[in-house]
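Q: Please take a close look at the cysteines of this protein. I would like to know which are bonded, which are free, and where they sit.

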Amino acid sequence: MQEVFIIYLAMCIAGLSSSGARLYPGPPTFNVMSYGAVGDGVTDDSQIDGKLIAPKEPSNWEGKDIDSWLSFSRVNGFFVDGNGKIDGQGFEWWKSCPGAMRYENCSNFQVSGLKHLNSQKNHISVSGCENATLSNLYLSAPETSPNTDGVDISNSKNIQILDSIIATGDDCVAINSGCSQINIIGMKCGPGHGISVGSLGKNGQTAEVEDILVKNCTLNGTDNGVRIKTWQGGSGFARKITFQDITLIAADNPIVIDQYYCPHDYCRNQTKAVHISDVSYIGIHGTSIKEDAIALDCSQTSGCSNILLEHINITSTEANNKTYSSCTNAHGNYDDAIPPVDCLLY
């Protein structure tokens with residue numbers, strides 16, 4: 001079957017026909033051929049132009065997939081576009097919920113133009129995928145909504161996120177272990193937690209992330225700007241990461257490396273760490289709410305190596321305050337930077 005079948009199946013799960021009419025009550029499974037899917041590899045029936053609306057009550061999801069509400073799995077070579085809206089009705093779900101849209105073990109696909117609103121959890125999850133482009137998306141949830149990442153990527157290669165707007169209660173994009181050749185270009189992010197590599201190495205796990213490019217992005221009112229975060233006790237690497245031509249508008253923590261990431265009240269000290277290397281910050285400019293605009297907090301044992309900062313200009317949102325940088329065991333160089341990064345070790 002062609003991937004377009006899944007679009008129609010998604011509409012059925014949401015309780016909508018292609019015309020927008022309610023389908024409840026109905027059987028738990030549907031024959032998508034009955035809703036217009038052709039699947040001949042020629043007919044273009046992969047648009048979403050109406051609304052997909054999640055059940056309002058979480059109890060309606062009992063016994064179903066806890067990882068996702070809508071999903072594409074093991075599909076090669078598909079294209080989904082349209083000006084439709086996918087509404088997760090997240091407020092009722094945020095205590096215990098699936099993600100909204102999941103692409104798992106898919107390849108050679110494109111997604112464009114859709115609007116995701118009020119996701120139950122992650123708006124879009126990409127896991128185990130290769131060669132995908134997500135472009136011109138609009139993802140939105142309240143700033144206070146928990147765990148509503150815009151795009152969460154794991155174990156995936158050659159993923160492009162282009163020209164999109166993401167405003168959520170968590171990371172606009174989170175890049176997790178097993179990722180390489182990830183490009184995020186032309187994104188507007190905020191509110192949210194910024195653009196993050198990690199968290200990596202939780203529970204002593206081995207993480208591998210490399211060849212990441214974040215370019216021509218604007219972060220407006222985000223809790224963090226561009227961030228790399230790892231847990232103590234992990235292993236592996238995060239390397240060849242470039243943040244370039246980034247505009248900051250009242251970001252809370254503009255440039256962050258945090259190798260002591262711990263969202264809990266207590267995390268025990270551990271000596272192992274994911275090694276961070278070959279990270280470049282080039283052309284980062286704008287304003288910071290906090291005076292500590294650059295914080296490179298690296299592991300005491302493995303540290304961070306080959307960190308480069310060039311053409312940095314981050315000033316305070318308060319006219320009379322100055323920004324500064326802080327480092328722990330971070331090795332590298334800087335040039336033309338406000339604030340100066342004299343704390344880097346050679």
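A: **Cysteines and their surroundings**

Ala-330 is a useful way in, as this residue touches Leu-296, Cys-298, Cys-304, Cys-343, Leu-344 and Leu-345, leaving aside residues up to four places away in sequence. The model is predicted. Ala-330 lies in strand 26, residues 330-338, and is buried, with a relative accessible area of 0%. Its C-alpha atom is 5.9 Å from that of Gly-303, a residue 27 positions away along the chain.

One of the contacts of Ala-330, Cys-343, is bonded to Cys-327, with the two sulfur atoms 2.0 Å apart. The torsion about this S-S bond is about 40°, so the disulfide is right-handed. The link joins distant parts of the chain: Cys-327 belongs to strand 25 and Cys-343 to the segment after strand 26, 16 residues apart. Cys-343 has a relative accessible area of 26% and is therefore partly exposed.

Strand 25 is also part of an open sheet of ten strands, ordered 2-5-8-11-14-17-19-21-23-25 with parallel pairing. Strand 25 (324-328) and strand 2 (68-73) stand at the edges; each has a single partner strand, so one side of each has no neighbour in the sheet. On average, neighbouring strands of this sheet are turned by 15° against each other, direction ignored.

In total there are four disulfides. Another of them joins Cys-172 and Cys-189, whose sulfur atoms are 2.1 Å apart. This link is right-handed, with 85° about the S-S bond. It too connects distant parts of the chain, 17 residues apart: Cys-172 is in the loop between strand 13 (165-167) and strand 14 (173-175), and Cys-189 is in strand 16 (residues 188-189). Both ends are buried, Cys-172 at 0% relative accessible area and Cys-189 at 3%.

Cys-262 and Cys-267 form a further disulfide, with a sulfur separation of 2.0 Å. The link of Cys-262 and Cys-267 is right-handed, with 85° about the S-S bond. Cys-262 is partly exposed at 26% relative accessible area, and Cys-267 is partly exposed at 24%.

Counting bonded cysteines along the chain, the disulfides follow the pattern 1-2, 3-4, 5-6, 7-8. Cys-179 is in no disulfide; the nearest cysteine sulfur, that of Cys-129, lies 10.0 Å away. Cys-179 is buried, with a relative accessible area of 1%. For Cys-217, the closest cysteine sulfur is that of Cys-189, at 8.3 Å, which is too far for a bond. Cys-217 is buried, with a relative accessible area of 1%.

Definitions and conventions
Residues numbered from 1 in each chain as written. Predicted model: local features only at pLDDT ≥ 70, side-chain atom pairs only at ≥ 80, totals over all residues. Heavy atoms only, no water. Helix = DSSP H or I, 4+ residues; strand = E, 2+ residues; numbered from the N terminus. Buried < 20%, exposed > 50% of the residue type's maximum accessible area, 1.4 Å probe, protein only. Contact = heavy atoms within 4.5 Å. Pairing = 2+ DSSP bridges. Axes fitted to C-alpha atoms, helices over the stretch in contact; angles between N-to-C directions. Disulfide = S-S within 2.5 Å.
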